[in-house]
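Hi,

Here is the model I said I would pass on. Have a look at it first, and my notes follow below.

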Amino acid sequence: MKSFVHWNRGRTPRQAHRDLDGLKDDELGRQGFQGRTAQLYRRHDPTRFRSAEGYGPHDLDAGTLETGDHADPRGTPRRVYWNADCRVAVSRRSAPMPFYCRNVDGDEMWFVHRGTGQFETEFGPLRYEPGDYLVVPKAVTYRVVPDSADNLFLLLESVGELQVPDYGLLGRHAPFDPTLLRVPEPEVLEGDGREEWEVVVRHGGELSSIFYPWNPCDVEGWKGDLFPFALNIRDWNPILSDGVHLPPTVHQFLVADGLMVCHFLPRPAEGRKGAERVPQYHRNADYDEVAFYHGGSFLGHPLPKGLMALSPQGLHHGAPERVREYAREKHDEISRVDWEIIAIDTARPLHVDPELRAGGPSSG
Ligand SMILES: [Fe+2]
């Protein structure tokens, strides 16, 4: 439900997220920041809670996570979070796939954190480098061919079709120039002497294989509006406001049933005196949030590369109070926010890999 009926009770700042005068700014929002919302102005930091086992924040270091495809070329990425709409996984593939693959369970989005190489697709090859998204639609045949052994990918598998959102009043002036999407040129791959080519198919959650007597990348040409593509985060133009910290949904890159992918990328900091530059404390009432720290810095401090953090819906999170105080103190010295964070928000609660959960929830 959307409503323009707003109330103001008790002690509040005149403008949300600005001139807090010691109040702790806490947002309760529906529909992943796109629905009704309330700002609550507290005396205390709402993230200073202790959680028992089960419901609580969770984080992990993707850079050191052992994955099936790290040790074994025939292995698969490691699923870390999942629900009925999607799977979030980490790939540390260290050698080319010795087979092609075809995911019939959903679309795939690969985000490259580390490494270079090529996605060999039936539409043609797509080179990759750090900061690239590669979107491989459901049922497309491809394989990952890294240049070296050191690779780290964040992988999202979505049951619903991954699509670019409607950018509303921006219309065609989207935060990226659509012609900067990289689309493959067809390239027929000839045989190399083997008798048959294996395609590992994921269907109904099960893996099985089909075999062709030739390389399945034999497309001479293609046309249409369904194709794999790549986009680098450097080609994104963040939307910003000088006077107020904008909600994460203005940074949406992809949406699908039950999920959205946003990213927080380098931009000038809010410049108006009194405007909060650190995202307000918040509870996302209707979405779990996964944040993947690709790199960059915040308030001059490097971010932990490869960290993944899950904030379940309804749970307060946000930077601690000392960081907010530091940001206000340094207002005149710091003029940019140089973070590089990829976020996957899901409407259904995410399950956590039990082995990773066993490590215990962390605070923050
Ligand atoms: Fe959040």
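Strands β3 (residues 58–61) and β22 (residues 307–311) run antiparallel and are joined by 4 bridges. One of the pairs has Asp61 facing Leu307 of β22 as its bridge partner. β22 also pairs with β20, again through 4 bridges and in antiparallel fashion; there Ala291 has Ala309 of β22 as its partner. Bear in mind that this is a predicted model.

On to the domains. The assignment splits the chain into domain 1 (24–47 + 234–357) and domain 2 (67–233). Their centres, taken over C-alpha atoms, are 28 Å apart. Domain 1 puts 32 residues into the contact and domain 2 puts in 29. On the domain 1 side, β16 (252–256), β17 (259–264), β20 (288–298), β23 (336–346) and β24 (351–352) supply at least two residues each. That side of domain 1 is made up of 18 nonpolar, 8 polar and 6 charged residues.

Then there is the core. Where does the largest nonpolar core sit relative to the two domains? The core has 59 residues, and Met109, Leu134 and Val290 touch the most other members. Both domain 1 and domain 2 give residues to this core, so it lies between them.

Met109 is a good place to start clicking around. Setting aside neighbours within four places in sequence, Met109 is in contact with Tyr133, Val135, Leu156, Leu162, Leu254 and Val261.

Shout if anything looks odd on your screen.

Cheers

Methods:
Residues numbered from 1 in each chain as written. Predicted model: local features only at pLDDT ≥ 70, side-chain atom pairs only at ≥ 80, totals over all residues. Domains from an automatic or database assignment. Contact = placed C-beta atoms within 7 Å. Nonpolar A, V, L, I, M, F, W, Y, C, P; charged D, E, K, R; others polar. Core = buried A, V, L, I, M, F, W, Y, C linked by C-beta atoms within 7 Å. Buried ≥ 20, exposed ≤ 12 C-beta atoms within 10 Å, placed from the backbone. Pairing = 2+ DSSP bridges.
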